[in-house]
Amino acid sequence: MVSKAVLQHFHKDEFVFVEKMTDIINRVEDTYTIFVTDFLNPRELAIVESLVANRNLFFYSSNDYFDTEYGKAIIAPDYYQFDEADFELSLLEIHYNSKFNHLTHAQILGAFLNQLGIERHLIGDIRLNNEKAQLFLTSTMADQAIQQMTKIGRAGVALEEIPFSRLMKRQEEVTSLFLQVSSLRLDKILASSFKLSRLQAVKLIEAGKVKVNYRTVEKTSEQLELGDMVSVRGFGRIRLVDEQGFTKSGKHKLTIEKLKHK
């Protein structure tokens, strides 16, 4: 069991993950062997790093070596000599006729999950432009994917494993917005950021389409803090980056970054 002193630093929805990773960390200490995680989001990686920090162990994140959002972590004893190959990562390029087909993140992810019968945590970032797509995959699944994946949506595809040096740059559009809101409630921030009515914002939250720091939130009154990232399915993401005090009427003056995949 993880002590209350440790759990108090995390949201209650994160307790299961914290306990799972604590068990793994204990196992690494007891057996003196390395452990490689599946793909984790940035919040999960930060949690693992914080848990390892109090142990006589090493923590390595693939995000420190590749420009990705989702990454894998290595938890290792003090004898371990780092090797990039131990992340067990493969970068696959998806070739298709872009003149007649347009692939989306959702189509690619769905095809890999359904055709290979694998779970989401074995797949990392998906990158695409107007001509091709790339995907990070746990290396043990690479050969199977190359052999079995011949179609995504209506498009015939061919997969090729490529070196990490050919990773496409992120194509993300970032704009800054200045908001004045009466509170930092999730529903009010969403309504102002995406120009929605409060009722529309509430419906999105209650439908499970909103995540705060990668955690699905269905409580409309959730209070946000600076640094929080909010993602809304179908709309994009926002990050609270600065607060400049209050207006004369008592409203918060906020700067947010609005992120959208091109």
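In this predicted model, the side chains of Arg 185 and Asp 187 meet in a salt bridge, with N and O 2.8 Å apart. Asp 187 counts as buried because its relative accessibility is 0%, and buried means under 20%.

## Salt bridges

The count of salt bridges in the model comes to 13. Side chains of opposite charge can pair when their charged atoms come close. Three of the bridges are set out below.

| Pair | Closest N to O distance |
|---|---|
| Arg 185 and Asp 187 | 2.8 Å |
| Arg 170 and Asp 67 | 3.2 Å |
| Glu 93 and Lys 132 | 3.8 Å |

Arg 170 and Asp 67 meet through their side chains at 3.2 Å. This pair links distant parts of the chain, 103 residues apart. Arg 170 sits in the loop between β8 (155-162) and β9 (172-181), while Asp 67 belongs to the loop between β2 (58-61) and β3 (73-76). Partly exposed covers the range between the 20% limit for buried and the 50% limit for exposed. Arg 170 is partly exposed because its relative accessible area is 36%. Asp 67 falls in that class too, with a relative accessibility of 44%.

Glu 93 and Lys 132 form a salt bridge in which the closest N and O atoms are 3.8 Å apart. Glu 93 lies in strand β4 (residues 89-96) and Lys 132 in the loop between β5 (123-128) and β6 (133-138), so the bridge ties together parts of the chain 39 residues apart in sequence. Is Glu 93 buried or exposed? At 2% relative accessibility, Glu 93 counts as buried. Its partner Lys 132 has a relative accessibility of 27% and therefore counts as partly exposed. Salt bridges with shared partners join Glu 93, Lys 132, Glu 160 and Arg 166 into one network.

## Helix α3 and its surroundings

Helix α3 spans residues 42-52, and its buried residues include Leu 45, Ile 47, Val 48, Leu 51 and Val 52. These residues lie on the same side of α3, because they cover an arc of only 160° around the axis. Among the elements that cover the buried residues of α3 are α1, α2, β2 and β3.

The N-terminal end of α3 is capped by Asn 41. A side-chain oxygen of Asn 41 lies 3.0 Å from the backbone nitrogen of Arg 43.

Arg 43 also takes part in a polar contact with Glu 14, side chain to side chain, at 2.8 Å. Glu 14 is placed in the loop between α1 (4-7) and α2 (15-31). With a relative accessibility of 10%, Glu 14 counts as buried. Which residues does Glu 14 contact, leaving aside its neighbours within four places in sequence? They are Arg 43 and Ile 47, and Ile 47 is one of the buried residues of α3.

The loop between β1 and α3 holds Thr 37. Thr 37 counts as buried because its relative accessibility is 3%. Its side chain reaches the backbone nitrogen of Ala 73 at 2.9 Å. Apart from neighbours within four places in sequence, Thr 37 is in contact with Met 21, Lys 72 and Ala 73.

## A nonpolar surface patch

Tyr 32, Ile 34 and Tyr 79 form a nonpolar patch on the surface. Together these residues have about 290 Å² of accessible area. Ile 34 is found in the loop between α2 and β1 (35-36). With 32% relative accessibility, Ile 34 counts as partly exposed.

## Positive phi angles

Lys 195 is not a glycine, yet it has a positive phi of about 55°. The residue is located in the loop between α6 (186-193) and α7 (198-206). Lys 195 is exposed because its relative accessible area is 78%, and exposed means over 50%.

Asn 213, also not a glycine, has a positive phi of about 50°. Where does Asn 213 lie? Its place is the loop between β10 (210-212) and β11 (215-216). At a relative accessibility of 25%, Asn 213 counts as partly exposed.

Conventions. Residues numbered from 1 in each chain as written. Predicted model: local features only at pLDDT ≥ 70, side-chain atom pairs only at ≥ 80, totals over all residues. Heavy atoms only, no water. Helix = DSSP H or I, 4+ residues; strand = E, 2+ residues; numbered from the N terminus. Buried < 20%, exposed > 50% of the residue type's maximum accessible area, 1.4 Å probe, protein only. Polar contact = N/O pair within 3.5 Å; in protein donor to acceptor, adjacent residues only side chain to side chain. Contact = heavy atoms within 4.5 Å. Patch = residues over 30% accessible without salt bridge, like charges linked within 9 Å, V, L, I, M, F, W, Y side chains within 5 Å. Areas by Shrake-Rupley, 256 points an atom, 1.4 Å probe, with all protein chains shown as cover. Salt bridge = Lys/Arg side-chain N within 4 Å of Asp/Glu carboxyl O. Arc of directions from axis to C-beta.
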